[in-house]
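Me: I have a model open and would like to go through its packing with you. Could we start with a pair of helices?

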Amino acid sequence: MTQLLAAIDLGSNSFRLSVGRVVTHDGVQQIFSIDRLKETVRLAAGLDENRVLNEEAIQRAVDVLQRFGERIRDFHPSQVRAVATNTFRVAKNIDELLPRAEAALGFPIEIISGQEEARLVFSGVAHELPPSKESRLVVDIGGGSTEFIIGKGLEPKLMKSLHMGCVSYTKAYFPNGIVTEKGFEKAELAASKELEIISKSYRKEGWAQAFGSSGSAKAIIAVLRDSGFSSKGITLEGMLKLKRVLIKYGSARSPELKGLKTDRIEVLPAGLAIMIAIFRSLKVDLMLQGEGALRVGVLYDMLGRHVASDKRDETVKIFMRRYHIDVKQATRVKNLALELYDEINPDNKEGIRRGVSWAADLHEIGLSISQSSFHKHTAYVLEHADMPGFSSDDQRRLSILTLVQQGRLNKTHIQSLSSDKWQAILCLRLATLFLRKRQNQKLDKVIHLNTDNHRTITLRLNKEWLDDHPLTRYSLELEAQEWQTVGFTFNLIETLT
């Protein structure tokens, strides 16, 4: 029987519902998302100066929870956990809100502390990232509070929730989404004062990577990237460019900004002001996007999982079963691709090599959809599927690798790739070409591959073997021509020994 779990995150800005399916393989349990709902509620905007929620905000919350309740109406209470955060914590009339909210949802609602929220946020982000022995900083800017966590693996070491959020700061410093230089100055100063509580201890603890897991972080990353202000993640330089544009136009409704969703327009300036203060106070250089966050942490907390294995390996195994991969063929292709890669890249980067391995394992996913253009189906699935443990960048790399496993090379900007990346493509293409018959073959004494940094490929093959394999010879000649069309030199040399 399929086990389903539901997590409801009642934030100060948005309410989210995630339904996950528990999958067990080789004794390891994972959660795959099968449904998600998100609605912007702006609950914190309904708080007055006495921290009393107005009726309009309460009704918005109740209406959304009624819709969520319909989705999980048939769930057993043991399958559902609803957690409420900062606005529920601070509202003076919570005794009025909570019963109505629980009646609308149909399940109990747990108001969690800032510390518990931070723990669950870190758990959610950590479960969606590859395991690492290095410390990570996770920042989650919510509507009414911001969580800061430093931890290793799945274990948080430092946790703090500060009273600053994109909704509360919008109300205080950018009312109605109106942006001024003075508003930014006040917002950044207020955030900096809050950060004085943790800045010294957090900088002393240190971290190797920083991740932003909130809607504000994701919105900033998208705008910086799509508007050309940052090529990767969040940087202070990119944010200052964005700030200047916001001040210039007096709001986030600017033709210079790309990638900004409608529901983030009003709260983007406040989220940006908080993030700028964070970068300056904690001396952050770069922040990447972290997936999962609170709702995923709640799901795994329900599951009670505490094993820090590499979720990417687990995910690949599950996908191979889900898409009925021919394991023997995948293993043949993987072994040959890795042998070729190791031959030309003895000092290989482990990350690229593991990408070759995963791509080989999953390169025939598309066959379960259609044999025609199966590599395109494979690439689409790998880019868009929920793959626990894989970042969006990981999935894009796998997608590109499998897309160009055959056919035209101009489907990607291969000339702009680093040597190890185009070498990975080469090795996967050659492995699938040589193993087209889907039979075990002893090729270690037949093939010898060399490349150089000047984009020259030299493939030496035993002439006698080639004479016995005319289809392979013809396919290799076409492969050489294909690489030459994209600016490479491909030497196909027949040897007598």
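Me: Which handedness does the crossing of H14 and H17 have?
Reply: The crossing of H14 and H17 is right-handed, meaning that the near helix is turned clockwise from the far one by less than a right angle (anticlockwise would be left-handed). Helices (H or I, at least four residues) are DSSP runs, as are strands (E, at least two), numbered from the N terminus. This is a predicted model, in which local features need pLDDT of at least 70 and side-chain atom pairs count only at pLDDT 80 or more, while totals for chains, interfaces and linings use all residues. Residues are numbered from 1 along each chain as its sequence is written, and side-chain values use heavy atoms, with hydrogens and water left out.

Me: At what angle do H14 and H17 pack?
Reply: Helix H14 (residues 350-362) packs against H17 at about 30°, and their axes are 10 Å apart. Axes are lines fitted to C-alpha atoms, for helices over the stretch in contact, and angles run from 0 to 180 degrees between N-to-C directions. H14 is therefore roughly parallel to H17; that label applies to angles under 35 degrees, with over 145 roughly antiparallel, 65 to 115 roughly perpendicular and the rest oblique.

Me: Which residues of H14 and H17 meet?
Reply: Ile352, Val356, Ala359 and Ala360 in H14 meet Asp420, Lys421, Ala424 and Leu428 in H17. Contact means heavy atoms within 4.5 Å.

Me: What about H1 and H3: how do their axes cross?
Reply: The axes of helix H1 (residues 55-71) and helix H3 (residues 94-105) cross at roughly 25° and come within 7 Å. H1 is thus roughly parallel to H3, and their crossing is right-handed.

Me: Where is Gln66, and is it buried or exposed?
Reply: Gln66 lies in helix H1 and is partly exposed, with a relative accessible area of 45%. Buried means under 20% relative accessible area, exposed over 50%, and partly exposed in between (1.4 Å probe, protein chains only). The C-alpha atoms of Gln66 and Ala104 are separated by 4.6 Å, although their positions lie 38 residues apart along the chain as a sequence separation.

Me: New topic. Which residues touch the most other members of the largest nonpolar core?
Reply: That core has 59 residues, and Phe319, Phe434, Leu449, Leu459 and Trp483 touch the most other members. A nonpolar core is a set of buried Ala, Val, Leu, Ile, Met, Phe, Trp, Tyr and Cys residues joined through side-chain atoms within 4.5 Å.

Me: Which helix gives the most to this core?
Reply: Helix H17 (residues 419-434) does, with 10 residues. A second, separate core of 47 residues includes Ala210, Ala217, Ile234 and Ala273.

Me: And what does Trp483 touch?
Reply: Not counting residues up to four places away in sequence, the contacts of Trp483 include Trp422, Ile425, Leu426 and Arg429.

Me: Why is H11 described as largely enclosed?
Reply: Because 9 of the 11 residues of helix H11 (residues 293-303) are buried, the rest of the structure largely encloses it.

Me: Last one: where is His324, and what is its phi?
Reply: His324 is in the loop between helix H12 (311-322) and helix H13 (327-344). Its phi is near 55°, a positive value in a residue other than glycine. At 69% relative accessibility, His324 counts as exposed.
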